[in-house]
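User: Please take me slowly through the structure shown here, one question at a time, with the reasoning spelled out.

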There are 2 protein chains.
Amino acid sequence: MVFVKVYVTYKESVLDPQGEAVKGALHRMGYSEIEEVRIGKYFEMQVNPGTRPLEEVIEEACDQLLANVNMETYRFEIVNTEEA
Amino acid sequence: MVFVKVYVTYKESVLDPQGEAVKGALHRMGYSEIEEVRIGKYFEMQVNPGTRPLEEVIEEACDQLLANVNMETYRFEIVNTEEA
């Protein structure tokens, strides 16, 4: 079993209104040090590799479901459960 | 300016229905290798450290706003923008 972490974030060029809202809330709470917030999604997956290369499976799953590739970008890390 | 990454995930004991739904969708799409999915939030922040220690500020912001500490757990990484 392999542990995979996927990070999905908006592309730099895409506005992140949820991040702006969190930044505003942080400022109202006194955390003015935090000057910029961007919010993404984080997926932790347990994968039981089959015959296809794991990287290929994960990339395809990201492209088709986990990320909206028009607006978002993703990266992933493959970690053995032993090391996780 | 310091770059901070915060990961917020459900505690192990808390069910993640959104993760279950994504797992179901992945299986229907043929990615049966992916046996378990848990979804979290991921925050990228640009912070301009003030007089207070940065770790203290980030922990407080997580406890008060970014994570629901009853159900969620968080961890963060502090990265210099030069290294990011």
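User: Does B:I34 count as buried or exposed?
Analyst: This is a predicted model, in which local features need pLDDT of at least 70, side-chain atom pairs count only at pLDDT 80 or more, and totals for chains, interfaces and linings use all residues, while side-chain values use heavy atoms and leave out hydrogens and water. Residues are numbered from 1 along each chain as its sequence is written, and chains are lettered from A, with ligands numbered from 1, in the order in which they are written. A residue is called buried under 20% relative accessible area, exposed over 50% and partly exposed in between, using a 1.4 Å probe and protein chains only. The relative accessibility of B:I34 is 0%, so this residue counts as buried.

User: Which residues is B:I34 in contact with, leaving aside its neighbours within four places in sequence?
Analyst: B:I34 lies in strand β2 of chain B, where helices (H or I, at least four residues) and strands (E, at least two) are DSSP runs numbered from the N terminus. Contact means heavy atoms within 4.5 Å, and once the sequence neighbours within four places are left aside, the partners of B:I34 are A:M45, A:Q46, A:V47, A:I58, A:A61, B:K23, B:L26 and B:H27.

User: How far apart in space are B:I34 and B:K23, C-alpha to C-alpha?
Analyst: B:K23 belongs to helix α1 of chain B, and B:K23 is buried because its relative accessible area is 17%. Although B:I34 and B:K23 are 11 residues apart in sequence, their C-alpha atoms are separated in space by 7.2 Å.

User: With which residue does A:K23 form a salt bridge?
Analyst: A salt bridge here is a side-chain nitrogen of Lys or Arg within 4 Å of a carboxyl oxygen of Asp or Glu. A:K23 is buried, with a relative accessible area of 16%, whereas its partner, at 40% relative accessibility, counts as partly exposed. The two residues are 3 apart in helix α1 of chain A, and so about one helical turn separates them. With closest N and O atoms 3.5 Å apart, the partner of A:K23 is A:E20.

User: Which residues of chain A do salt bridges that share partners join into one network?
Analyst: A:E60 and A:R52 form a salt bridge whose closest N and O atoms are 2.7 Å apart, and in chain B the side chains of B:R52 and B:E56 meet in a salt bridge of 3.0 Å, N to O. In chain A, salt bridges with shared partners build one network out of A:R52, A:E56 and A:E60.

User: Which residues does A:L26 touch, not counting residues up to four places away in sequence?
Analyst: A:L26 sits in helix α1 (residues 17-28) of chain A, and at 0% relative accessibility this residue counts as buried. Beyond those up to four places away in sequence, A:L26 touches A:Y31, A:I34, A:V37, B:A61 and B:L65.

User: Within what arc do the buried residues of α2(A) fall?
Analyst: The buried residues of α2(A) are A:L54, A:V57, A:I58, A:A61, A:C62 and A:L66. The arc is that of the directions from the helix axis to the C-beta atoms. Seen down the axis of α2(A), these buried residues line one face of the helix, because they fall within an arc of 130 degrees.

User: What rotation superposes chain A on chain B?
Analyst: Copies are superposed by least squares on the C-alpha atoms of residues with pLDDT of at least 70 in both. Chain A fits chain B with an RMSD of 0.0 Å and a shift along the axis of 0.0 Å, after a rotation of 180 degrees. The copies are therefore related as by a two-fold rotation axis.

User: About how much area do chain A and chain B bury between them?
Analyst: Buried area is the accessible area (1.4 Å probe) that two parts lose on being put together, summed over both. The contact takes 35 residues from chain A and 35 residues from chain B. Carbon and sulfur atoms carry 63% of the area buried between chain A and chain B, which comes to about 3100 Å².

User: How many salt bridges are there between chain A and chain B?
Analyst: A search of the whole structure finds 8 salt bridges over all chains. Between chain A and chain B, however, the count of salt bridges is 0.
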